[in-house]
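The following exercises concern a pocket and a residue of one protein chain. Please work through each task before reading its solution.

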Amino acid sequence: MENKNCAGCGVALQQENPDQLGFVPEQALSRTPVICQRCYRIKNYNEASGITLNQDDFLKLLGHVGTTDSLVVNIVDLFDFEGSMISGLPRFVGNNPIILVVNKIDLLPKVTNYNRILNWVQRQAKEAGLKVADIVLCSARKNMGFERVIEALDEHRKGRDIYVVGATNVGKSTLINRLIHDYSDLDAELTVSQYPGTTLDLVRIPLDDGGSIIDTPGIVYKHRLTELVNKKDLMKVMPDKPMKPLVFQLNSGQSVYFGALARFDFLQGERQSFTFYVSNSLEAHRTKLEKADELYENHKGVLLQPPVLENLDELPKLTKHAIRIPKGGNLDVSISGLGWVKANGVQGAELAIHVPRGVKVAVRESLI
């Protein structure tokens, strides 16, 4: 294995870790040419794998993109909009135009007005300092809005390479697969793409017109709850069908648990309703604030799950975030990777959100 590189993407081959770049199983070493498992899957199964990067390496990669003349496709997750945004993206990609592809619109309740969602995304992107050439709403998994994605690429690409960037679990692989299917010849050889100044070797997927789609590994953001739970619990945390909003009429001094992952406290304010947008697989438990600590200590991992008791130690301890909803609010409180809660009243409210340490909690204009 010494000094051997993948004939497809150029990365150094290794047999130790299937989750890292360059992994090749023993039986594949007899093939000619030898390509890594990731390239093999792209070439033979139209499958882009979820190799991930830490933030420093990812920012090095983005810095390289800024030296090219390319179109940047930034995929974000509408279910976790704040948590999946790449902070300071324009600073790194230079003058290259950015198309913001907002994935997973299929998870919103079916009565959702998508024009309002598009307007909301435009305002949020502007607030975040992200200047984009276009915004497209889609569901790569449900094949919703994908024609609009292709139209936007055709309009803004102008023969340039396409770099696809995004956090993990935003649906990047699913979208890459669709782009491969629509734009490239799967029998074409994967070409080497080794960038100086980084430790990265990325998969370049040739297009019929001589350009390429460059598949970048997903960036891991530890502030997303989806990065902290194990795979079994992830299936419950990440919705796979339209969310059914949960509405609670709460008095001050009441709490709502979502498994042992998050706790919502209504500390002070007039009786009012709150709407929770989370996976339908997550069960809510309401209790009095004075009994909330006791409920957690006695029932975490059993009544309150996910996670199950044996996996509870894998998560950081819950920490408290004080939140104030001003009068006339129309605001959401988002919990990165879990969902969000909308304060429906106009009277204002004092809240506290308890989530595993490091998970991002944000207040924003209401999405719905």
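**Exercise 1.** Determine from which domains the lining of the second largest pocket draws at least three residues each.

*Solution.* Domain 1 (55-215) and domain 2 (227-365) each supply at least three residues to this lining; the domain bounds come from an automatic or database assignment. The model is predicted: local features need pLDDT of at least 70 and side-chain atom pairs pLDDT 80 or more, whereas totals for chains, interfaces and linings use all residues. Residues are numbered from 1 along each chain as its sequence is written, and side-chain values use heavy atoms, with hydrogens and water left out.

**Exercise 2.** Describe the lining of the second largest pocket by secondary-structure element and by residue class.

*Solution.* Step one: helices H3 (81-84), H4 (89-93) and H5 (114-127) and strand S18 (361-365) each give two or more residues; helices (H or I, at least four residues) and strands (E, at least two) are DSSP runs, numbered from the N terminus. Step two: S18 contributes the largest share, four residues. Step three: the lining comprises 10 nonpolar, four polar and five charged residues.

**Exercise 3.** Establish whether Ala 343 is buried or exposed, and identify its contacts.

*Solution.* First, Ala 343 belongs to strand S16 (residues 339-343). Next, its relative accessible area is 5%, so Ala 343 is buried (under 20%; exposed is over 50%, partly exposed in between; 1.4 Å probe, protein chains only). Finally, leaving aside residues up to four places away in sequence, Ala 343 touches Ser 273, Phe 274, Ile 325 and Leu 331 (heavy atoms within 4.5 Å). The C-alpha atoms of Ala 343 and Phe 274 are separated by 4.9 Å, although these residues are 69 residues apart along the chain.

Methods: Nonpolar A, V, L, I, M, F, W, Y, C, P; charged D, E, K, R; others polar.
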